[in-house]
Amino acid sequence: MRLTRAATETGHLRMRKRGCAAVGLVLLAAVGCGGGGDADRTGPPAPTRATSDAPSRKPTPTPTPAPANPVSIPGLIERDHRGSDLRLGDVLARTSAYTRYSVTYEANGLTVSGIMNIPRGKGPFPALVLAHGYIDPAVYTPGRGLAREQDLLARNGYVVLHTDYRNHAGSDDDPDNDVNLRLGYTEDTIGAVLALRGSGRQEIDGDRIGLLGRSMGGGVVYNTLVVAPGLVDAAVVFAPVSSRPDENVDHFQRGEGDPIAAKIDAAHGTPEENPKFWREAAPVTYVDRATEPLLIHHGTADDTCPLVWSERTAAAFEAAGKDVELVKWKGEGHTFGPRWPASMDRTMAFFEKHLR
């Protein structure tokens, strides 16, 4: 792993700014004022005599940059991310291949619930954090989403931690999360990785951790890769949303008449009114920060998340010189059907390469 062990064993990850270009801040430069007196003289300048009572010149202080907007990728980069206290609760199921537990963990001061599948046999096993797509929190139940993936990956020797996210199931509430573009889910995902690594459980290999996200969870994975480079070893996304939040809000909220869109615009301005905010909220703006290999799966018949979103995102990663692969599955829709087994074979081969 590229993160220092001191930073990760305690479930603590300090995200630091990488300069003004990375966070979109403008620094004021101190400019000296030039006088024209000496240039007009016909003779040599008078000598300057050093005296003990001459005033000393004080260096011009370097301006301190303003902190980043907390509702932004730079704001997440600046955060002191924490994840800890992974606790196994009730046994939910036992199979011949793994045991399924309810779990909780701490992420930046919130308790987040989820489920965890631990393979039978001698560990430690590589681990995967799963980030699910949008499900109305009002009907969401613990561990819901990515059920096929949870089962198959655990049967193939991975510890699987499926995060519920804040505001879901038994997790703590964050009333501003929707208005703040659900960036809290990225904090929950980073916290899940840190909690796994710092758990001390013998079944978990904290040096081999990957991410898998579907739909909205794909956007969460994009955010995590640019906010916390070096946090994981590899990432896979299925049918992801756009890497530009303005497109997602237009498509899923403004386009559907969701009242949350008006609240978002009131809090942050529309893309036309406040382009800086929307640019800084987009992970695609910061793809140069990503360091982990990324595999993107997208069906050509997806009528929920347009294929062009993944094409543009993959092109941006490629242009930045990153290790990215986009696999287009002909005829597959948003949830994947007949080609799902083949897509998971490709996924497990990818994780086998980068985590084993």
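Here a biologist asks about a predicted model and a modeller answers.

Biologist: What pLDDT does the chain average?

Modeller: This is a predicted model, and confidence varies along the chain. At least 70 is the score for 84% of the residues. The chain average is a pLDDT of 88.

Biologist: Over which residues does pLDDT stay under 50?

Modeller: Where pLDDT is low, the predicted coordinates should not be read in detail. One such stretch, with 25 contacts beyond four places in sequence, is residues 1-10. Another, with 33 such contacts, is residues 14-52.

Biologist: Which strands does β4 pair with?

Modeller: Strand β4 covers residues 110-119, and 9 of its 10 residues are buried. Strand β3 (residues 98-107) runs antiparallel to β4, joined by 10 bridges. Strand β6 (residues 159-163) is also antiparallel to β4, with 4 bridges. The partners are β3 and β6.

Biologist: In β6, which residue is the bridge partner of Met116?

Modeller: The bridges between β4 and β6 number 4. In β6, Met116 has as its bridge partner Leu161.

Biologist: Which residue takes a positive phi in the hairpin of β3 and β4?

Modeller: The hairpin has 2 residues between its strands. The positive phi is near 50°, and the residue that takes it is Asn108.

Biologist: Is Ile118 buried or exposed?

Modeller: Ile118 lies in strand β4. Among the residues it touches are Leu88, Tyr101 and Glu203. Buried means under 20% relative accessible area. Ile118 has 6%, so Ile118 counts as buried.

Biologist: How many Å apart in space are Ile118 and Arg100?

Modeller: Arg100 stands opposite Asn117 in β4. In sequence, Ile118 and Arg100 are 18 residues apart. In space, C-alpha to C-alpha, they are 6.5 Å apart.

Biologist: What span should helix α10 have, at 1.5 Å a residue?

Modeller: Helix α10 (residues 307-319) has 13 residues. The expected span is 1.5 Å times one less than that number. The end C-alpha atoms lie 18 Å apart, which agrees with the expected 18 Å.

Biologist: Which elements do the buried residues of α10 pack against?

Modeller: The buried residues of α10 include Leu307, Trp309 and Phe317. An α-helix has 3.6 residues a turn, so residues three or four places apart point the same way. The buried residues of α10 pack against α6, α7, β9 and β10.

Biologist: Are the rings of Tyr222 and Phe317 stacked, edge-to-face or tilted?

Modeller: The whole structure holds 7 aromatic pairs. The ring centres of Tyr222 and Phe317 are 6.3 Å apart, with planes at 40°, so the pair is tilted.

Biologist: Which helices does that pair link?

Modeller: The two residues are 95 residues apart in the chain. Tyr222 is buried at 1% relative accessible area, and Phe317 is buried at 3%. Tyr222 sits in helix α6 and Phe317 in helix α10.

Biologist: What is the angle between the planes of Phe277 and Trp278?

Modeller: Both Phe277 and Trp278 are buried. Their rings lie 5.3 Å apart, centre to centre. The pair is edge-to-face, with the planes at 85°.

Biologist: Which residues is Thr270 in contact with, leaving aside neighbours within four places in sequence?

Modeller: Thr270 is found in the loop between α8 and α9. Thr270 is buried, with a relative accessible area of 16%. Its contacts are Arg254, Asp265 and Trp278.

Conventions. Residues numbered from 1 in each chain as written. Predicted model: local features only at pLDDT ≥ 70, side-chain atom pairs only at ≥ 80, totals over all residues. Heavy atoms only, no water. Buried < 20%, exposed > 50% of the residue type's maximum accessible area, 1.4 Å probe, protein only. Contact = heavy atoms within 4.5 Å. Pairing = 2+ DSSP bridges. pLDDT = per-residue confidence, 0-100. Phe/Tyr/Trp six-rings, centres within 6.5 Å; stacked < 30°, edge-to-face > 60°.
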